[in-house]
Amino acid sequence: MTRDEAVEYIENAGWSQTRLGLGRTKELLARLGDPQDSLRFIHVAGSNGKGSICAMLDSVLRKAGFRTGLYTSPYLERFEELIRVDGKEITGGQLAAITETIRAEAEAMEDHPSRFEMLTAAAMLFFRQMQVDIVVLEVGMGGALDSTNAINAPEVAVIANITLEHTEYLGTTIEEITDTKCGIIKPGSIAVCYDGEPAVTEIVRAKCRAAGVPLRFASKTEAVILHQDIDHQSFIWKDRKYGICLAGTHQIYNACTALEVIEALRLRGWEIPESAVLDGLEETRWPARCEVMAKEPLVILDGAHNQQCAEALADAVGRLMPGQKAVFLTGILADKNYGKMIDLLAPYAQSFICVTPPSPRALPAQELAESIRKRSMKADAAETIRDAIRLGLTTAAADGSVLVMTGSLYLAGEIRSVFRDTYRRWLRSRRIKARNSLSEDERVGKSRMICASVAGTEAWEKARRILVYKWTRGEVKLDELEKTGREQGKELIYPLCVSDTEMIAVLPGKGEDAWKSGYYGILEPDEQKGKVIPPEEIDLVICPCSSFDCECRRMGMGGGFYDRYLPGCVNAYFTAVAFEVQKSLEIPADPHDIPVDCVITEKECYTVQR
């Protein structure tokens with residue numbers, strides 16, 4: 001079985017929501033040797049925030065030296081995100097091998113297990129194989145009859161924030177839903193409860209009393225907020241100062257809940273140093289929860305999927321960006337109270353861009369946009385998520401507003417999968433347009449200043465062989481630098497594209513016939529009349545870029561020729577040249593991007609020690 005076959009087998013099993021119960025899960029686990037019985041757990045139920053709490057606990061426990069298992073849902077981009085050990089996702093090969101084992105037992109069962117039941121069994125089997133010390137286990141839906149509740153009493157049972165959700169399965173009132181979620185509270189564990197609605201906390205208290213389970217309550221009044229911005233928050237909890245990089249006041253309360261869980265674990269004998277708590281919380285990252293995707297314009301992604309999440313998002317936007325309006329890119333499921341969600345976001349909205357989420361339950365973008373227009377607000381409907389992102393970026397940049405992308409975790413996953421590439425293309429186009437807006441006189445004057453700065457650097461002075469380029473389409477002109485190099489007796493080498501993906505460096509021969517028109521009409525040396533220079537013999541590389549930032553991350557023109565060539569220049573110093581109008585706040589680097597040592601513009605020489 002391959003990885004793709006394993007995913008297809010699990011996904012095609014269906015959800016079995018209408019057949020809630022633990023019977024199939026327990027039978028499957030028994031057939032697999034009850035791997036859950038050899039594991040220890042933190043079990044986390046709730047409507048909102050449970051994923052963030054799980055991520056915080058996993059980070060802290062890893063910092064404390066424990067080998068952790070983490071089981072969460074749904075995934076955003078990759079199926080393997082669901083099951084992790086020590087912060088690393090299960091590999092495709094591991095998933096295939098475990099699914100092969102599970103399939104043999106599942107096919108032998110009279111009542112075939114569902115998708116989530118098989119996933120839960122796969123996680124338990126994998127965690128036992130990997131010999132984890134403790135598993136942070138997120139409930140899928142509900143609590144009492146959720147597949148994850150096939151475990152015995154956990155070390156700690158956590159009740160995160162609860163709201164009305166899945167009413168067709170869990171109950172029609174907040175009290176009924178809370179009662180269902182409290183099914184994870186079992187004698188022999190300690191319970192921790194988020195400070196939510198009074199009706200919720202009273203039911204949790206009653207359930208704990210009935211089960212004889214000690215309860216720790218994460219009271220919001222004990223949290224003193226010191227500082228909040230989009231990148232970092234700090235607060236005092238029980239006379240100690242903590243910091244988190246997850247945005248929004250609700251994340252501070254989630255962190256307080258996690259801190260109560262840590263105290264409960266300590267009571268049960270787990271040795272967790274305070275340094276691990278501090279570092280673990282600071283280093284927690286959890287995607288699509290007020291996640292900053294870009295800073296120019298400021299772009300935030302949040303998987304707000306219900307009314308309570310929309311309230312938290314609206315509060316975060318209001319607190320962290322006071323006085324700023326937002327462009328909301330949103331797609332909502334038809335069975336959600338989307339009217340109320342829009343009303344909550346409306347006071348902070350400059351406009352809305354609507355998309356159709358990737359779900360059979362999706363509300364069509366045009367219908368959502370029409371509903372928003374009836375509320376006397378501007379709304380556009382986009383055909384694709386990429387179209388919506390491009391429109392959102394352009395609108396936010398033009399108005400000086402924030403782009404907030406939200407609607408559901410499924411939509412967030414789709415956005416994350418295409419955002420980086422879409423944003424890079426948008427940013428590249430924007431910077432090239434700014435560069436090309438310079439007049440010829442401006443370009444010539446600024447180019448001379450840049451050439452003079454390059455020639456004055458220590459790297460230039462020491463270099464004997466220098467890779468330069470023939471400029472085109474508004475790039476920095478290097479004729480003055482070439483003249484200086486020739487006068488100083490340096491060997492000037494030029495790039496030659498020999499295929500759609502490969503570039504070499506050539507020391508050109510003499511005479512005009514030593515040059516020819518190459519890729520994109522750029523003048524290139526004739527390989528037959530010049531000398532190919534190995535990349536390791538180059539001392540200095542001068543390369544163009546479409547954009548750069550203060551950290552000397554650069555973005556090429558899109559072909560990737562330099563990024564594939566530069567790793568071979570092991571003895572070279574890398575200098576990029578650009579006009580100041582090409583500067584960006586932050587370049588979203590791809591793994592293959594090669595940062596340079598220095599970027600020189602007509603105004604500044606940006607350097608970073610690496």
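Helices and strands are here DSSP runs, of at least four and at least two residues respectively, numbered from the N terminus. With these names in hand, a newcomer can find the way around this predicted model, beginning with one of its pockets.

The second largest pocket holds about 790 Å³ of space. Its lining is made up of 36 residues, and those nearest the centre are Met557, Gly558, Gly559, Gly560 and Phe561. Five elements each give two or more residues to this lining: helix H15 (409-436), strand E19 (491-497), strand E22 (523-525), strand E26 (554-555) and helix H19 (561-565). Of these, H15 gives the most, with 5 residues. In character, the lining of the second largest pocket divides into 16 nonpolar, 14 charged and 6 polar residues.

Attention now turns to charged pairs. Side chains of opposite charge can pair when their charged atoms come close. The model has 45 salt bridges in total, and a few of them are described here.

One salt bridge joins Glu138 to Lys50, with the closest N and O atoms 3.8 Å apart. It links distant parts of the chain, since Glu138 belongs to strand E5 (residues 134-138) and Lys50 to helix H3 (residues 50-63), 88 residues apart. Glu138 has a relative accessible area of 5% and is therefore buried, as the cut-off for buried is under 20%. Lys50, at 10% relative accessibility, counts as buried too.

A second salt bridge brings together the side chains of Glu155 and Arg268, at 3.1 Å from N to O. Here too distant parts of the chain are linked: Glu155 sits in the loop between E5 and strand E6 (156-159), while Arg268 sits in the loop between helix H9 (249-267) and helix H10 (274-282), and the two are 113 residues apart. Glu155 counts as buried at 8% relative accessibility, whereas Arg268, at 31%, counts as partly exposed.

In a further salt bridge, Lys207 meets Asp179, and the closest N and O atoms are 2.7 Å apart. Because Lys207 lies in helix H8 (residues 198-211) and Asp179 in helix H7 (residues 174-181), the pair ties together parts that are 28 residues apart in sequence. Lys207 is partly exposed, with a relative accessible area of 32%, and Asp179 also counts as partly exposed, at 37% relative accessibility.

Salt bridges can also be followed from one residue to another. Arg240, Glu263, Arg266 and Glu274 are linked in a network of such bridges.

Technical notes. Residues numbered from 1 in each chain as written. Predicted model: local features only at pLDDT ≥ 70, side-chain atom pairs only at ≥ 80, totals over all residues. Heavy atoms only, no water. 1 Å grid on protein atoms, 1.4 Å probe; cavity = no way out; pocket = protein on both sides within 12 Å on 5 of 7 lines; lining within 4 Å. Points joined across faces, edges and corners; volume = space filled by probe spheres on them. Nonpolar A, V, L, I, M, F, W, Y, C, P; charged D, E, K, R; others polar. Salt bridge = Lys/Arg side-chain N within 4 Å of Asp/Glu carboxyl O. Buried < 20%, exposed > 50% of the residue type's maximum accessible area, 1.4 Å probe, protein only.
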